[in-house]
Amino acid sequence: MSALLRMRGVRKVYDTGVIAVEALRGIDLDVEAGDFVAIMGPSGSGKSTLMHILGCLDVPTGGSYELGGVDVSHMSEAELAVVRNAQIGFVFQQFNLLASMTALRNVELPLIYAGVGRAERRERAQAALARVGLADRVEHRPGELSGGQQQRVSVARALVTDPTLILADEPTGNLDSVSTHDVLALFHELHDAGRTIVLITHEADVAAEAHRVWRITDGLLSEAAPSGGRA
Amino acid sequence: MSWGETFRTAIEALLGRRMRSMLTMLGILIGIAAVMLTVGLGEGARRQITEEINNLGSNLLIVMPGGSSVFGGGSATGASMLTLDDAGVIADPAVAPDVVGVAPIMSNRLTLSYGTARTTTSVSGSTVEWPTVRARTLVDGRFFSDAEQASAAQVAVLGPVTASELFDDTPAVGQDITIEGQSFLVVGVLDSVGASSLSNDDDTIIVPLTTMAQRLTAPASARMLSTIYVTARDDASISSAHQQITRALTVNHATTAAEPGFSIMTFQALLTAADTMTAVLTTLLSGLAGISLVVGGIGVMNIMLVSVTERVREIGLRKALGATPALIRRQFLVEAGILGLLGGAMGVALGVVGAAILTPLLDLQVTISIPATLLALSVSLAVGLGAGVYPAARAANLPPIDALRSE
């Protein structure tokens, strides 16, 4: 079984000019298609750096990273943009919805950059919103939705391109316990439907929802024993 | 991403900051309106001067004694005197075939009176051909006749301004006026040619040349003409008529081409001079107005930079979702271009309204032409795009993680 996502010896050094900080010190990671993986770690552990490289928002200083069989570790920013658009669905802690646009327009955004025509775009965005249970909220702006609803809009946005990987960065960090439960339940549904999910968090009980849990400490990754979830 | 989506996104962004977008466009608006109006004023002035010159007679040549400058006066020494003989030579079709009319003028400033009303004006002696050559008509009475000219009769034709100065609104024709103590019968009043900025042909009085020579001029200068008005066959034959007159007079005066002793003025030269002058003025004023456009452009750049800074998170999100640097650059360039073009369009509108207001106010046709409008729109678009280059490059080069991280 070939890995959907394969990292070998990934290093990331931030050179401030005065001092070089090695945020990642050789990460090996394989994620199979259909996996639900959590990456846990306290702040300062290199967790955000790993998320940026996983999400093709940044490139590693050393090592290799293959996503869907393609080496993305030396791509230009323009090439990475295309990979992000086609392969990765992001769910952010801050939701990152555009306040001036309706839920529907927000979900359409990645399709606009994919060059999908207007009618098909609308149809797919509506379907994605229906998928997360917001069929009746398509014309609402983010300010008119609760935190949990906003996060569900951003999950719809992550789903709408039918990406290889859903990458969720602290998706429940800004949510109350009820909404947290909602969003995690949604991830389980997506996982059950065959989606590959990488969840990055510092909360052990959120990480425990995943199929497999990795722990990052001081720029190094180690697999933790599953403590529950659906292993 | 299609261009349509780029434009839609740009318009949404601008509408989201309506007040600021309006104020930014104001800079371009004022610059474009100023350029439109100065160019319009220049064009209007040029047209008006051309029209005035054409009213004077575009196929008219004015032969004057002395100097070689366009408006040359010069002293009338032997060789630089114009005489009736000269006028006769010019009128000879064998000598100057392109000349169709000749009106010699002998003029002097004299005092005239009617009752208690007195005025001093230019009194010209000329021939019966004068109305044809100068393209003048009469509102009242008639011009003097061949017989009156032959007998040096004491008759006069008044310009409309002169007539109203002496007679107010009462009819002048049939009345006797006094010129230099001699009585003259008013036989006609000229139609007005309007207050021209080039000459006042309404404040004048015309008498037969013979009368002027015998009764109103000192015997010593009784043969000297002050001007000979000549009409060419048409506009195209002005320069050949010019050459024919020059040749004839040079022979007649036994002078050389270098020191001809007379000068010939045509309105063509004046037209060219007026064109050059208005062109220089228009360029100068447009340059000044152009500076305000540059200031407007800097305003657009400023606002676009602020916009990039404010929208760092949005730019980061768009990049994360798949916007390439080129698409982000295009997005901001289109926004800046729309600001410029819309500002320019409103500037053109203001220019049109301004022209409509200024035209009656200045009594000068302020012309807004289609080419000027298209040029103004292109310039405003270029200013907007130019001002957008640097902010757009900054947005395009923002690293997506920095952009997403900023809170």
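Biologist: Leaving aside its neighbours within four places in sequence, which residues is A:Gly41 in contact with?

Modeller: Bear in mind that this is a predicted model. A:Gly41 sits in the loop between strand 3 (36–40) and helix 1 (47–54) of chain A. Once the neighbours within four places in sequence are set aside, the residues in contact with A:Gly41 are A:Lys47, A:Thr201, A:His202 and A:Ile216.

Biologist: And does A:Gly41 count as buried or exposed?

Modeller: The cut-off for buried is under 20% relative accessible area. A:Gly41 comes in at 6% relative accessibility, so A:Gly41 is buried.

Biologist: What separates the C-alpha atoms of A:Gly41 and A:Arg6?

Modeller: Along the chain, A:Gly41 and A:Arg6 are 35 residues apart. In space, their C-alpha atoms are separated by 20 Å.

Biologist: Over to the sheet in chain A: which are the edge strands?

Modeller: Four strands make an open, antiparallel sheet here, in the order 2-1-4-5. An edge strand pairs on one side only, and in chain A that picks out strand 2 (20–31) and strand 5 (70–71).

Biologist: Which residue does A:Glu66 stand opposite in strand 5 of chain A?

Modeller: Strand 4 (residues 62–67) pairs with strand 5 of chain A in the antiparallel sense, over two bridges. Opposite A:Glu66, in strand 5 of chain A, stands A:Asp71.

Biologist: Now the interface: what area is buried between chain A and chain B?

Modeller: Chain A brings 24 residues to the contact and chain B brings 22 residues. Carbon and sulfur atoms give 60% of the buried area, and the total is about 2,200 Å².

Biologist: Which three residues supply 29% of the area that chain A buries against chain B?

Modeller: No other three residues supply more of the area that chain A buries against chain B. The trio is A:Asn96, A:Arg105 and A:Tyr113.

Biologist: Which side chain meets A:Arg105 in a salt bridge?

Modeller: Between chain A and chain B the count is four salt bridges. In one of them the N to O distance is 3.7 Å, and the partner of A:Arg105 is B:Glu5.

Biologist: Which helix of chain A gives the most to the side that touches chain B?

Modeller: Six residue pairs are in polar contact across this interface. Helix 2 (77–87), helix 3 (103–114) and helix 4 (118–131) of chain A each supply at least two residues of the side that touches chain B. With six residues, the one that gives the most is helix 2 of chain A.

Biologist: By class, how many residues on that side of chain A are nonpolar?

Modeller: Five residues there are polar and seven are charged. The nonpolar count on the side of chain A that touches chain B is twelve.

Technical notes: Residues numbered from 1 in each chain as written. Chains lettered and ligands numbered in written order. Predicted model: local features only at pLDDT ≥ 70, side-chain atom pairs only at ≥ 80, totals over all residues. Heavy atoms only, no water. Contact = heavy atoms within 4.5 Å. Buried area = accessible area lost by both parts, 1.4 Å probe. Polar contact = N/O pair within 3.5 Å; in protein donor to acceptor, adjacent residues only side chain to side chain. Nonpolar A, V, L, I, M, F, W, Y, C, P; charged D, E, K, R; others polar. Buried < 20%, exposed > 50% of the residue type's maximum accessible area, 1.4 Å probe, protein only. Pairing = 2+ DSSP bridges.
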